[in-house]
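Student: I've got a two-chain model to go through. Could you talk me through the helix packing and a few single residues?

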Amino acid sequence: MPGLGLSAGITFFMLTLVVALPIGALLWQGAEFGAANIWATINRDRVWAALWLSFRLSFLALPFALPTAVAGIALTALYAPNGVLGSLTNQIGWQIAYTQWGIWLALVFVGLPFVTRTVQPVIEEIETEVEEASATLGASRWHTLRHVIAPMLMPAALTGFALSLARAVGEYGSVIFIAGNIPLRTEIAPLLIVIQLEEYNYGAAGAIGLAMLAISFSMLLLINLIQIWSRRRIGHV
Amino acid sequence: MSDATLHKPATPARFRSATQESPAARWTLIAIAVGGLALLVGAPLVIVFVEALSRGWAAAVAGLASRDAQAAIRLTLLITAIAVPLNAVVGIAAAWFITKFDFRGKAFLITLIDLPFSISPVVAGLCIVLLFGANSALGGWLVASGYPIVFAVPGIVLATVFVTFPFVARELIPVMIEQGRTEEEAALTLGATGWRVFRTVTLPNIRWALLYGTLLCTARAMGEFGAVAVVSGKIRGQTATMPITIEMFYNEYLSVAAFSMAALLTGFALLTLLLKTALELRHADALSATRRH
C-alpha cells in the first residue's frame, strides 16, 4: 500500500508539534521546578480545595455543540438570584449560581452527551426477545432491568461515565461564570492555573497542571481498561 | 419500542405486553427525562436569544457591530478556517497510516491521538504557553525574531488544533477498518498510483464520515474557550475570539452585547448540529461504525 511515508510523516509531525511537545514542555517544567516545589505548591489548602472540588463535583455530574462560554452565561442568567429559575429557587432558600450547586449544574450540562451517546447505541442493539425471554421466565420488569438490561449497559455506561468525568474535571468555560470563584469554596482547579499564569507564576501553574494531567491519565487508563474488559465480556464497546 | 408496538396483537386496552412498563412508570420516566433536558439544555438555549433581544433587534445588532465584536467574529472564522482543514488532513493521514499498515505500537498511537480528549483545555493551553511562551528558550527566540506564538494568532491556532485533534481521525478509523484494504489493493494491481487510489477509491468510501468528523471539529473549534483563554492573552480586537469576547462583554456588564454574540455563536453551533443530524439521517449506513464508539 502506498503512502506509508507521507501518512506516517504527517501524523508524527503534527502529533509531535501539537500534542507531544507541549505536554513534554509541561513535564520538563515540572522536572525543572522539582518534586519538592511541586508538592509544596499543590499541598496548600487552596489548591487541594480546588482539585477536590473539580474532582468531586465531576463525579456527580446538544452540550456537544453548544460553546461552553455560551452555556456558562446562559446557565448563569437562568439560575442567578435574579434569573428566571434562580429567583424561584431562592424563595425556598436554595441558591444555585455562585455556589457549588451551580458548578455541579454546569458540569452535568457538559457531561450529559457523553453518557447518552455511549449508552444509546447499546440500548438500540438490545433485542426485545431478550426482555421477552426474561418475562416468560417470570421476571418482573424491575427484575429484568436489574439483571438483564443493566449488566449489558454497564460497560458502555462506565465508558461514558469516565469520558464525562475526564471532561468535567478539566472544564473551565461554562463553570467560571456560574461559580462565583470564591477561594476554597467555589474555585475550580483549571481556574487556579489561569490565575497563576496571569501572575506569571509558571512554576506553580505547571505544578497544578501536572496534578491535573495525572488525573487525566488515570481517567484514560480507566477508560481503556473498561473497554478491554467489556470487549472480553460481550465482544464490542 | 417500535418493534413491540408493531407486534402488539389487538387486545383490550387493559392488557399490557410483558416488555412494557405500566403507563404510570413510562410517563414518569419520560417526564423526568424531558423535564431535566428542558431545564438543563432547553432553557439555557432559549435564554440566550431572549437576553440578546431583550432591548430589541437594533440593540442586538448594534452589539455585534462594534469594532471589537467584528474583529472577534473575523478571528474566530479565521481560526476555524485554518484549524479545521489542517485537522482534516492530519486526520486522514493518521487514519490511513493506522488502518492501511500493520506495525507495533498501534494501540499506543491511537491513545496518543485521543489524548487531547481527556486533557483539560486549560492544561493544554498551559502546555503551549510553557513551550512557546516568552520565558522559554524556544519562545524567547521566536519573539526576538518577530514571530511570537503565545498571545498571538499562531498560539490560538495551535490551541484549537490541540483540542480538536482527535475528532476526524476518530470518525475515520472505524469506517476504514470496516472497509478493509481489498478495494485499494485491487486498484493498485490495476496500475493506479497511490494518489489516484486515495482519490477515486478511498475518499468516496469515507466522505460522509470525513464530513461528520469535520463538522464535530468545526463546532468545537469555534466554541473553544479554556485553551484559547490561556494562550490568547485576550488582547481586544487582536487575539480575542468570539467566546473570549463574550466573557469580556459579560464581565463589563454589556449584557446585550454578550448575549447577542452568544446568540450568533449558538447559531453557528445549531447550524453544524443541523448538518450533522441531516448526515446521520441520510447516510446512517456510511457512518454506522461511528455510532458505536
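Here is the conversation that followed.

Tutor: Sure, and note that this is a predicted model, in which local features need pLDDT of at least 70, side-chain atom pairs count only at pLDDT 80 or more, and totals for chains, interfaces and linings use all residues. Residues are numbered from 1 along each chain as its sequence is written, while chains are lettered from A and ligands numbered from 1 in the order in which they are written.

Student: Let's start between the chains. Which helix of chain B gives the largest share of the side that touches chain A?

Tutor: Take a contact as two residues whose C-beta atoms, placed from the backbone, lie within 7 Å. On that basis 68 residues of chain B are in contact with 64 residues of chain A. The largest share of chain B's side is 10 residues, and they come from a helix (helices being DSSP runs of H or I, at least four residues, numbered from the N terminus) at residues 121–132, namely α6(B).

Student: How many residues on that side of chain B are nonpolar?

Tutor: Here Ala, Val, Leu, Ile, Met, Phe, Trp, Tyr, Cys and Pro count as nonpolar, Asp, Glu, Lys and Arg as charged, and the others, Gly among them, as polar. The side of chain B that touches chain A has 10 polar and 9 charged residues, and the nonpolar ones number 49.

Student: How does α1(A) lie relative to α6(B)?

Tutor: Axes are lines fitted to C-alpha atoms, for helices over the stretch in contact, and angles run from 0 to 180 degrees between N-to-C directions. Helix α1(A), residues 4–33, packs on α6(B) at about 75°, with the axes 8 Å apart. Angles under 35 degrees count as roughly parallel, over 145 as roughly antiparallel, 65 to 115 as roughly perpendicular and the rest as oblique. That makes α1(A), relative to α6(B), roughly perpendicular.

Student: What classes of residue make the contact of α1(A) with α6(B)?

Tutor: From α1(A) come L21(A), P22(A), I23(A), A25(A), L26(A) and Q29(A), and from α6(B) come A124(B), L126(B), C127(B), I128(B), L130(B) and L131(B). By class, there are no charged residues, 1 polar and 11 nonpolar.

Student: Now inside chain B. At what angle do α8(B) and α11(B) pack?

Tutor: T160(B), V163(B) and T164(B) in α8(B) meet C217(B), R220(B) and A221(B) in α11(B). Those residues divide into 3 nonpolar, 2 polar and 1 charged. The axes of α8(B) and α11(B) are 9 Å apart, and the angle is about 135°.

Student: Is α9(B) largely enclosed or not, and what covers its buried residues?

Tutor: A residue is buried if 20 or more other C-beta atoms lie within 10 Å of its own, exposed if 12 or fewer, and partly exposed in between, with C-beta atoms placed from the backbone. In α9(B), 10 of the 14 residues are buried, so this helix is largely enclosed by the rest of the structure. The buried residues include F167(B), V168(B), L172(B) and M176(B). Their cover includes, from chain B, α4 (67–100), α5 (106–118), α8 (153–164) and α11 (194–223).

Student: What span should α9(B) have from its residue count?

Tutor: The expected span is 1.5 Å times one less than the number of residues. For the 14 residues of α9(B), at 166–179, the end C-alpha atoms lie 20 Å apart, which agrees with the expected 20 Å.

Student: Which residues does A88(B) contact beyond its neighbours in sequence?

Tutor: A88(B) sits in helix α4 of chain B. With 20 other C-beta atoms within 10 Å, A88(B) is buried. Leaving aside neighbours within four places in sequence, the contacts of A88(B) are V168(B), L210(B) and T214(B).

Student: F151(B) next. Where is it, and is it buried, partly exposed or exposed?

Tutor: F151(B) is not a glycine, yet its phi is positive, about 60°. The residue is in the loop between α7 (137–144) and α8 of chain B. Having 19 C-beta neighbours inside 10 Å, F151(B) counts as partly exposed.

Student: And Y253(B): buried or exposed?

Tutor: Y253(B) also has a positive phi of about 60° although it is not a glycine. Its place is in the loop between α13 (242–251) and α14 (255–282) of chain B. With 8 C-beta neighbours inside 10 Å, Y253(B) counts as exposed.

Technical notes: Helices (H or I, at least four residues) and strands (E, at least two) are DSSP runs, numbered from the N terminus.
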